[in-house]
Amino acid sequence: MSKVKVSVIVPVYNTGKYLAECAPSLLGQSLPEDEYEVIYVDDGSTDDTPNRLKEIAAAHPNVQVHTQPNSGWPGGPRNLGIRHARGEYVQFVDHDDMLGSQALERLYAHAQRNNSDIVIGKLSTTMARPRRLFRHTVDVCTVENDELMQALAPHKMFRRAFIQEHGLRFPEGPWIMEDIAFVSAAYLKADRISVLADYPCYYWLKRDDGGNNTGQRFDPRHDFWGNLRTIVRQIKDGTAPSDDIDALQNRLLHRLYHVEVLSRAREPEILREDPAQQRPRFEAARQAALEEFPPAVREGLPAVSRLRAELLERGDYDGALAFAERVRDVKAHGEVSPPRWEDGCLVTDVTLELRRGDGEPLALVERDGRQYLDPALLAGVPGTEDGWEVRDPFRLASAELVVKDRDRDDWWYPEGDLDLRLLPAGPGRSRIVASGRLRIDPERLAGGRPLDRGVYEAWAFVQFLGIDRMVRLTGPAAPGAPAAGPALTGGRIALPYWTKGPGQLTLDLGERLRKLGPDTAKAAAANDARGGRWFPLPYVAATASATPVPLKVTVATVTVTAHLVPAPDGTTAHLRLPARLDLPAGRHPVTLPKTDAPLAYVVVRDGTVLRTEGPAHETGTGRRILHSLTDNPQIRRIRNRLRGAN
């Protein structure tokens with residue numbers, strides 16, 4: 001019997017249709033069936049889930065099903081799954097999510113290479129922004145890696161012996177944030193943590209019934225604040241206290257403070273929730289902040305977050321509300337240069353900044369050698385009449401470019417970093433700007449592999465002064481218009497364009513939604529080239545290594561297969577037509593599907609292609625005489641004999 005490499009543990013409760021959607025991704029893994037097992041633990045379902053599980057187990061020998069009385073939360077079922085697991089590693093999966101088809105094989109191989117205690121697989125999701133943690137694959141790190149605290153969901157692979165050695169267990173019962181308690185404890189104990197960022201391993205999907213949202217955090221059955229305090233104390237017990245804002249303990253607590261505490265005092269929550277409910281949450285957050293978090297955590301926040309913390313900790317709900325209203329209107333703004341093709345990559349230069357609701361840059365005001373937040377952001381906020389100092393404009397600041405696979409909800413990070421700097425914004429004022437170059441390489445962007453056929457959108461994520469925003473990279477061209485010429489890359493046609501509506505820079509690979517032809521009608525009409533069967537298309541970018549792409553074209557009334565082929569210079573493409581066409585002698589238009597305007601004209605005689613011409617090719621009287629001479633069979637025979645004699 002083969003060694004069980006991975007045990008997949010899936011807690012289920014009244015799963016319904018989601019069980020059928022998740023199961024194929026677990027049972028169709030590339031890892032051989034006898035090398036992994038799937039352990040379903042039913043938490044006392046009252047619907048037909050038990051019968052569905054029996055059917056799955058009957059059809060798959062590597063599936064176990066266990067049941068227990070309802071506990072009200074996933075912690076207990078996960079612990080039961082750990083007790084029954086036989087794998088060297090365990091992977092936790094929720095019943096309404098999915099795994100990539102090669103996830104277990106790749107995660108296990110990465111764990112083996114690095115002797116990992118924990119392996120975090122790339123997360124794809126419809127419910128959260130892309131995570132910087134998945135920008136690069138990491139062989140080995142520890143809890144010192146600050147990005148780890150941005151990934152506290154349990155959907156990871158853990159070495160089972162590591163779990164047993166340290167007695168790691170999920171809190172049981174209706175225990176909100178049980179995943180954060182387990183994962184943060186594991187981070188503190190782990191010697192070797194790895195990140196697999198070059199393959200989408202886990203798909204965390206939004207349910208159409210809203211069953212996996214976080215709206216139940218403050219359900220009276222859940223002691224949210226008591227649980228948070230337990231997790232904070234667990235981190236304190238595992239780290240050394242320090243007044244240094246960059247000490248490990250303070251960095252680890254920053255995530256909990258920012259996400260679980262300050263969320264009660266900032267947009268969108270404080271603006272969205274009924275004040276009758278939000279005010280008690282605000283006060284509970286205040287008490288937790290003052291009693292559990294060292295002052296260095298607050299002092300280490302960027303300027304906007306530090307002001308939120310100040311308002312929270314002095315109990316100024318109305319001030320926090322007013323500040324949230326100002327910050328809500330701040331938007332990220334991106335400017336891009338006209339895109340172009342360079343060395344097989346779609347390239348554009350990008351500049352990013354934050355702007356106020358009135359469209360003006362969010363500025364820093366310089367006074368007496370110090371910098372202060374934009375006064376427009378402080379209007380109506382008590383205690384800020386003399387301004388709010390920005391001690392370090394780049395504290396926890398970042399900006400990054402990301403490309404979203406619209407079909408699969410995968411996020412990919414192009415190579416290269418953006419530079420952050422302060423630029424003038426008028427007398428005594430400055431603004432934070434991120435700038436750099438976006439390079440979309442269709443043949444390497446997907447973790448070093450070619451992107452799949454699909455549609456890819458260009459985005460940016462900025463985090464300045466404690467304000468984080470996603471922004472579409474848009475351009476000045478008319479929405480829906482081409483963003484750059486087409487390209488031949490990896491045996492596919494790549495078509496950049498600006499989307500309708502927001503005008504977002506988008507790349508269609510393999511003609512997923514757009515077709516070659518309509519986007520290039522003007523460029524084709526201006527083509528004045530002349531060739532034989534190989535017709536130059538100077539507006540189609542290509543590389544010398546590009547693979548020819550078959551292309552259906554219509555010549556007069558006959559549809560044939562032509563090919564787009566990289567030109568010898570390795571920068572443009574040629575259209576290669578068949579040598580013979582079943583057409584009468586004459587000059588016939590060549591068109592692409594869904595395009596009326598000719599791409600070219602082809603001259604045929606005796607069923608043989610003599611030459612091709614661009615729509616703008618000169619066809620005056622003198623050229624017609626020259627063409628008639630060169631097309632004459634006798635002239636061609638004499639010319640060929642003379643060439644042979646030489």
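Two aromatic rings of Phe, Tyr or Trp count as a pair here if their centres lie within 6.5 Å. In this predicted model, that rule picks out 10 aromatic pairs.

One of them joins phenylalanine 170 and phenylalanine 182. Their ring centres sit 3.9 Å apart and the planes meet at just 5 degrees, so this pair is stacked. The two residues come from distant parts of the chain, 12 residues apart: phenylalanine 170 is in the loop between helix H5 (160–165) and helix H6 (178–189), while phenylalanine 182 belongs to helix H6 itself. Both phenylalanine 170 and phenylalanine 182 are buried.

A pair with another geometry turns up between phenylalanine 282 and tyrosine 317, which meet edge-to-face, with 5.2 Å from centre to centre and 85 degrees between the planes. Phenylalanine 282 is part of helix H10 (residues 275–292) and tyrosine 317 is part of helix H13 (residues 317–328), so the contact ties together parts of the chain 35 residues apart in sequence. Here too, phenylalanine 282 and tyrosine 317 are buried.

Back at phenylalanine 170, there is a bit more going on. Ring pairs connect Phe170 and Phe182 with Phe92 and Phe158, making a cluster of these residues. Phenylalanine 170 also has a charged neighbour, as arginine 78 lies over the face of its ring, 5.0 Å from the ring centre. A similar arrangement involves tyrosine 601: the charged end of arginine 587 sits over that ring, at 4.1 Å from its centre.

Notes:
Residues numbered from 1 in each chain as written. Predicted model: local features only at pLDDT ≥ 70, side-chain atom pairs only at ≥ 80, totals over all residues. Heavy atoms only, no water. Phe/Tyr/Trp six-rings, centres within 6.5 Å; stacked < 30°, edge-to-face > 60°. Helix = DSSP H or I, 4+ residues; strand = E, 2+ residues; numbered from the N terminus. Buried < 20%, exposed > 50% of the residue type's maximum accessible area, 1.4 Å probe, protein only. Lys NZ or Arg CZ within 6 Å of the ring centre and 35° of its normal.
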